[in-house]
Amino acid sequence: MPNKVININIIIDTTQIMSDFNGNEVSKDALNPTPIGHQYQFMVISDGGSNVQVEGTGDLSFSATQGDVVRFYATSEFNNFDQPVILYDMFKYGGDDVFNNPNFNLQSFGLHTTLAPKTFNPLTIKMIDQDFWFAQNTVNNKGTENYGLKFCL
């Protein structure tokens, strides 16, 4: 069975963060960001093989096999149209050494050609260039690893 790419989309509730933190209690230091609770995130997983979709909170568990590639994407609840989220770091903070590297590799694909509607009729499309980025790592061992993410809002 070939290895799969597991995509994990992290949706950040930016409206609630901004309301709860009121802009005064947040760090402006990328190396020392303000910690937030897991109630501000929601995750959706596609395993890339059987098209199984799994949804969960910020405490999501998933299974993978050695050699699988895991990609983490982050976005606001507005798909980054309003209050965009930029994922800039993922790191191990506990558990087993499951991933190949304790720090995830940030990948960026600038000006990737994709489809977009020309009008509100989705059958009339055009090709556009768009930037995509994610944090990626490869599963290397069995176990349970805890990871954290840093993002700017």
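Me: Where along the chain is Ala 30 found?
Reply: In this predicted model, the place of Ala 30 can be given by the elements on either side of the residue, which are helix 1 and strand 2. Ala 30 is therefore not assigned to either of them, since its position is the loop between helix 1 and strand 2.

Me: Does Ala 30 count as buried, partly exposed or exposed, and what is its relative accessibility?
Reply: Buried means under 20% relative accessible area and exposed means over 50%, with partly exposed in between. Ala 30 falls in that middle class, because its relative accessibility is 44%.

Me: Which residues is Ala 30 in contact with, leaving aside its neighbours within four places in sequence?
Reply: Ala 30 and Asn 9 are 21 residues apart along the chain, and their C-alpha atoms are separated by 22 Å. With neighbours within four places in sequence left aside, the contacts of Ala 30 are Tyr 88 and Lys 150.

Me: In what order do the elements of the chain run from the N terminus on?
Reply: The chain holds 1 helix and 8 strands. Read from the N terminus on, the order of these elements is β-α-β-β-β-β-β-β-β.

Me: Which element gives the largest share of the largest nonpolar core?
Reply: The largest nonpolar core has 24 residues, and Ile 8, Ile 10, Val 70, Phe 72, Met 90 and Phe 104 are those with the most contacts inside it. Among the elements that give two or more residues to this core are helix 1 (14-21), strand 4 (69-76) and strand 5 (86-95). The largest share, 4 residues, comes from strand 1.

Me: What share of the contacts in the chain with a separation of 6 or more comes from residues 24 or more positions apart?
Reply: Ile 10 offers one example of contacts beyond neighbours within four places in sequence, with partners including Phe 42, Phe 72 and Leu 149. For the chain, counting contacts with a separation of 6 or more, the share from residues 24 or more positions apart is 69%.

Me: How many negative side chains does the chain have?
Reply: The accessible surface of the chain comes to about 9800 Å², and 53% of this area belongs to carbon and sulfur atoms. As for charge, there are 8 positive side chains, the centres of the positive and negative sets lie 8 Å apart, and the number of negative side chains is 16.

Me: Which element of the chain has the lowest mean pLDDT?
Reply: The mean pLDDT of the chain is 86, and 93% of its residues reach 70 or more. Among the elements, the highest mean pLDDT, 93, belongs to strand 4, whereas the lowest, 63, belongs to strand 3.

Conventions:
Residues are numbered from 1 along each chain as its sequence is written. This is a predicted model: local features need pLDDT of at least 70, side-chain atom pairs count only at pLDDT 80 or more; totals for chains, interfaces and linings use all residues. Side-chain values use heavy atoms; hydrogens and water are left out. Contact means heavy atoms within 4.5 Å. Accessible areas come from the Shrake-Rupley method with a 1.4 Å probe; for residues, only the protein chains shown count as cover. Lys and Arg count as positive and Asp and Glu as negative; His and the chain ends are not counted. The place of a charge is taken as NZ of Lys, CZ of Arg, CG of Asp or CD of Glu. A nonpolar core is a set of buried Ala, Val, Leu, Ile, Met, Phe, Trp, Tyr and Cys residues joined through side-chain atoms within 4.5 Å. Buried means under 20% relative accessible area, exposed over 50%, partly exposed in between (1.4 Å probe, protein chains only). pLDDT is the predictor's confidence in each residue, from 0 to 100.
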